[in-house]
Amino acid sequence: MSRLPPSPWRIAGWALFLACSWTWCIGMFMPALMARDFGWPGFLVFAVPNVLGAAAMAWFYGSAEASRRFVEEHKPAVIGFSLVTILYQAFFLGWLCTGWNPADSLPWLVPLAVVAWTALAFVQRTPRVLVAAGVVWAISMGAGVYLANTGRLEWQSRAEPFFESGLIWMAPVSTLGFLLCPHLDPTFHRARRGMGRNESRAAFALGFGVFFAAMIALTYAAREHLLWGESATDLAPKLYAVHAVIQLCFTVRVHAAALRDLPTLRMPRRWVATAITLGLSLGIAMSFWSGLEDAGVSGREVAYRVLLSAYGLLFPGYLLIAKARGRADRITYWLAAAAVCVAGVFYWNGFLELDEPHNELWLVPGLVVVFAAAALAPSLGRQRTKLARV
């Protein structure tokens with residue numbers, strides 16, 4: 001991997017790369033959902049652990065070799081993380097291209113996505129990808145500045161009581177997911193290996209504390225144009241859709257490049273193509289499903305929340321169990337799968353049964369299942385080892 005000479009520009013370039021690679025359909029939509037359900041405290045529960053967890057990742061790897069060893073040890077999980085991420089972004093792109101609302105359509109986003117996808121194919125090598133990240137971030141911020149100047153951004157929102165709204169039960173899930181998931185992101189490891197220790201810490205702090213924080217703040221302020229009955233003929237949702245499409249294309253491109261170029265991964269390209277195809281198909285198909293009508297959740301939001309649970313349950317659950325066990329072996333994978341299946345029942349109720357008051361309380365037993373599996377993990381396999389020694 002080629003490197004730029006050490007300089008503040010290099011740190012800024014990697015910081016922009018990190019911010020744009022982490023600006024997923026989660027950061028471009030979840031703040032609006034959290035503000036809708038919980039007011040501005042909901043946004044804080046989303047944003048604070050997100051920014052801190054991503055920025056802190058650089059402090060866990062004192063050298064590029066430490067990053068390489070982690071990726072090698074958890075290779076299947078890292079690949080799975082990227083493939084689910086790529087599928088998730090493609091799903092959201094399919095959603096966008098059929099309009100924020102089922103009655104609206106934005107077919108012009110398809111050629112925009114094709115152009116962005118094609119252009120980004122030529123800038124995936126360092127240092128060109130760092131320049132591309134700066135351009136992508138500038139486009140997003142340009143859309144935000146226009147919306148701000150035309151009075152389209154709304155910073156104030158109601159505040160649901162933290163202890164009465166169910167947000168208190170959502171906070172541990174948000175914190176766990178955002179603290180652990182960054183470790184499985186291969187684009188983060190690419191950035192860590194591209195810099196020295198102090199440079200990486202500065203880039204991660206700048207990237208998430210400033211550049212990425214600005215992205216999710218834009219989502220929060222533009223939430224009225226994302227969720228509730230805004231016509232696609234208005235310029236505000238169109239501008240936000242342009243920002244989202246370009247960010248989605250950048251995220252998918254850098255994940256595909258990381259899976260292809262990181263020496264410890266090297267996976268077939270057809271896997272990425274399959275994830276993109278499945279995601280786009282799901283995003284379009286969900287526009288024809290009314291969803292959970294009793295709970296007031298559209299088909300698109302159901303799919304969005306199910307995919308989101310991978311980052312609140314599947315991947316953090318795996319890392320907790322692998323860390324407790326001290327290695328990623330077959331027992332780790334089977335135990336993680338069992339824990340996720342059991343906890344998933346509680347997460348479904350907590351994330352999707354929105355017609356029930358305080359439904360978020362269901363998340364608590366789900367977390368208990370995951371932590372119980374982590375507590376059990378170190379003891380599994382010991383008896384067999386002792387018998388083998390005898």
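The following paragraphs lead the reader through the helix packing, the enclosed and open spaces, and some individual residues of a predicted model.

A suitable starting point is the pair formed by helix α2, residues 30-38, and helix α10, residues 197-221. The axes of these two helices lie 8 Å apart and make an angle of about 45°. Angles of 35 to 65 degrees fall outside the roughly parallel and roughly perpendicular ranges, and α2 and α10 are therefore oblique to each other. The crossing of α2 past α10 is right-handed. On the α2 side, the residues that meet the partner helix are Pro 31, Ala 32 and Ala 35; on the α10 side they are Ile 216, Thr 219 and Tyr 220. Sorted by class, this contact of α2 with α10 holds five nonpolar residues and one polar residue, with no charged residues.

A second pair of helices is found further along the chain, where α14 packs with helix α15, residues 330-352. Here the angle is about 145°, and the axes are 9 Å apart. The crossing of α14 past α15 is again of the right-handed kind. The contact between α14 and α15 comprises 18 nonpolar, four polar and two charged residues.

Helix α14 also takes part in the lining of an enclosed space. The count of cavities of 30 Å³ or more comes to one, and the largest cavity has a volume of about 280 Å³. The lining of this cavity consists of 21 residues, of which Ile 26, Ser 174, Phe 178, Leu 308 and Tyr 311 are the closest to its centre. Two or more lining residues come from each of α2, α3, α8 and α14. Of these elements, α8 gives the largest share, with five residues. What classes of residue make up the lining of the largest cavity? The lining divides into 15 nonpolar and six polar residues, and no charged residue belongs to it.

From the cavity, the reader may turn to the open spaces. The largest pocket has a volume of about 430 Å³. Its lining is made of 16 residues, and those closest to the centre of the pocket are Phe 60, Tyr 61, Phe 70, His 183 and Lys 323. The elements that supply two or more residues to this lining are α3 (40-56), α4 (64-73), α8 (167-180) and α14 (299-325). The largest share, four residues, is contributed by α14. By class, the lining of the largest pocket has nine nonpolar, four polar and three charged residues, whereas the lining of the largest cavity has no charged residues.

Two individual sites complete the account. Ile 276 is part of helix α13, which covers residues 269-285. Which residues does Ile 276 contact, leaving aside its neighbours within four places in sequence? They are Ile 86, Ala 90, Trp 117 and Val 252. Ile 276 may also be considered together with Val 84: the two stand 192 residues apart along the chain, while their C-alpha atoms are separated by 9.6 Å.

The last site concerns the backbone. Most peptide bonds are trans. The bond that joins Thr 126 and Pro 127, however, is a cis peptide bond, with omega at about 10°. Pro 127 is located in the loop between α6 (109-120) and α7 (128-149).

Conventions
Residues numbered from 1 in each chain as written. Predicted model: local features only at pLDDT ≥ 70, side-chain atom pairs only at ≥ 80, totals over all residues. Heavy atoms only, no water. Axes fitted to C-alpha atoms, helices over the stretch in contact; angles between N-to-C directions. Parallel < 35°, antiparallel > 145°, perpendicular 65-115°, else oblique. Left-handed = near helix turned anticlockwise from the far one by under 90°. Contact = heavy atoms within 4.5 Å. Nonpolar A, V, L, I, M, F, W, Y, C, P; charged D, E, K, R; others polar. 1 Å grid on protein atoms, 1.4 Å probe; cavity = no way out; pocket = protein on both sides within 12 Å on 5 of 7 lines; lining within 4 Å. Points joined across faces, edges and corners; volume = space filled by probe spheres on them.
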